[in-house]
Amino acid sequence: MLTIKTVPTTAFMQNTRIIYDSATQSALICDPGADSLRLGEYLQAHQLSLKAIILTHGHLDHVGGAASLARRFNVPIIGPAVADEPLIAALQQQAQAFGLPPAEGFSPQWVHDGDNLELLPQVNFSVITTPGHTPGGVSWYVSAAQIVLCGDTLFAGSVGRTDFPGGDFTALEHSIRDKLYALPEETRVLCGHGPDTTIGQERLYNSFVRA
């Protein structure tokens with residue numbers, strides 16, 4: 001059984017997720033925007049063994065703590081897709097633009113649409129490329145747990161911004177309508193900011209992208 005702990009990080013209240021298997025105490029962290037010390041303390045307090053860090057896209061509020069956490073726990077950083085390489089290479093410029101503390105650079109393992117990775121014991125994470133908010137954005141779908149970690153692609157009643165460099169509303173609309181909305185309606189959407197929602201809820205009521 002998966003347990004999900006949400007830890008808001010950065011001034012943008014980005015939803016960092018600690019996901020762990022309560023039977024084995026094996027854990028992942030998705031989108032550690034910052035607060036790497038705080039996240040590490042949570043892992044140690046709950047006796048969790050971090051296996052990997054996964055990323056949905058390359059914006060600083062989602063990746064700012066990745067390098068320090070990966071070094072501290074000696075784990076890989078996996079994702080997003082390679083099209084976000086310029087964003088990750090420009091972390092210092094992002095920090096200046098958004099008024100966030102400087103972030104340490106890193107080189108992740110890039111993922112591809114359709115990758116299926118067993119990141120926790122007997123738990124597969126499927127990669128769905130969902131560009132639009134950023135060129136290399138991805139969502140992580142866990143069918144057994146009926147969850148999808150979608151970063152800033154889809155929100156409760158809203159969608160991700162596309163006015164940042166590399167943003168593309170047409171691509172975002174395609175990612176949501178043709179990929180995310182194709183998931184089972186009971187799938188819980190773990191958004192990058194704000195409350196969680198479900199695919200069924202957004203298909204019916206999201207005024208930005210209807211099914």
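Me: Which residues touch the most other members of the largest nonpolar core?
Reply: Ile18, Ile53 and Phe106, out of 26 residues in that core. Bear in mind that this is a predicted model, where local features need pLDDT of at least 70, side-chain atom pairs count only at pLDDT 80 or more, and totals for chains, interfaces and linings use all residues. Residues are numbered from 1 along each chain as its sequence is written, and side-chain values use heavy atoms, leaving out hydrogens and water.

Me: What makes a set of residues a nonpolar core?
Reply: They must be buried Ala, Val, Leu, Ile, Met, Phe, Trp, Tyr or Cys residues, joined through side-chain atoms within 4.5 Å. Buried means under 20% relative accessible area, with exposed over 50% and partly exposed in between (1.4 Å probe, protein chains only). As a general rule, nonpolar side chains tend to be buried together in soluble globular proteins.

Me: Which element gives the most to the largest core?
Reply: Helix α3, with four residues. Helices (H or I, at least four residues) and strands (E, at least two) are DSSP runs, numbered from the N terminus.

Me: Why is Ser26 called buried?
Reply: Its relative accessibility is 6%, and the cut-off is under 20%, so Ser26 counts as buried. Ser26 sits in strand β3 (residues 26-30).

Me: What is Ser26 in contact with, leaving aside its neighbours within four places in sequence?
Reply: The partners include Ile19, Tyr20, Ser49 and Leu120. Contact here means heavy atoms within 4.5 Å.

Me: How do you know that Ser26 and Thr24 make a polar contact?
Reply: Their side chains come to 3.1 Å. A polar contact is a pair of N or O atoms within 3.5 Å; within protein, one must be able to donate a hydrogen and the other to accept it, and residues adjacent in sequence count only if both atoms are side-chain atoms. The 3.1 Å of this pair falls within that limit, so the distance fits.

Me: How do you know that β2 and β3 pair?
Reply: Two strands pair if DSSP finds at least two bridges between them. There are five bridges here, in the antiparallel sense, so the rule is met. In β3, Ser26 is the bridge partner of Asp21.

Me: What makes β9 mostly covered?
Reply: Five of the five residues in β9 (residues 147-151) are buried. On one side these are Ile147, Leu149 and Gly151, and on the other Val148 and Cys150.

Me: Which strands does β9 pair with, and in what sense?
Reply: β8 (residues 138-142) pairs with β9 over three bridges, antiparallel, while four bridges join β9 to β12 (residues 188-191), which run parallel. Val142 stands opposite Ile147, and Leu190 in β12 is the bridge partner of Leu149.

Me: What makes the radius of gyration agree with a compact globule?
Reply: The radius is taken over C-alpha atoms, and the globule rule is 2.2 Å times the number of residues to the power 0.38. For 211 residues that comes near 17 Å, and the protein chain has 16 Å, so the two agree. Along its principal axes, the C-alpha trace spans about 40 × 40 × 30 Å.

Me: How many helices and strands does the protein chain have?
Reply: Seven helices and 13 strands. Of its 211 residues, 51% count as buried.
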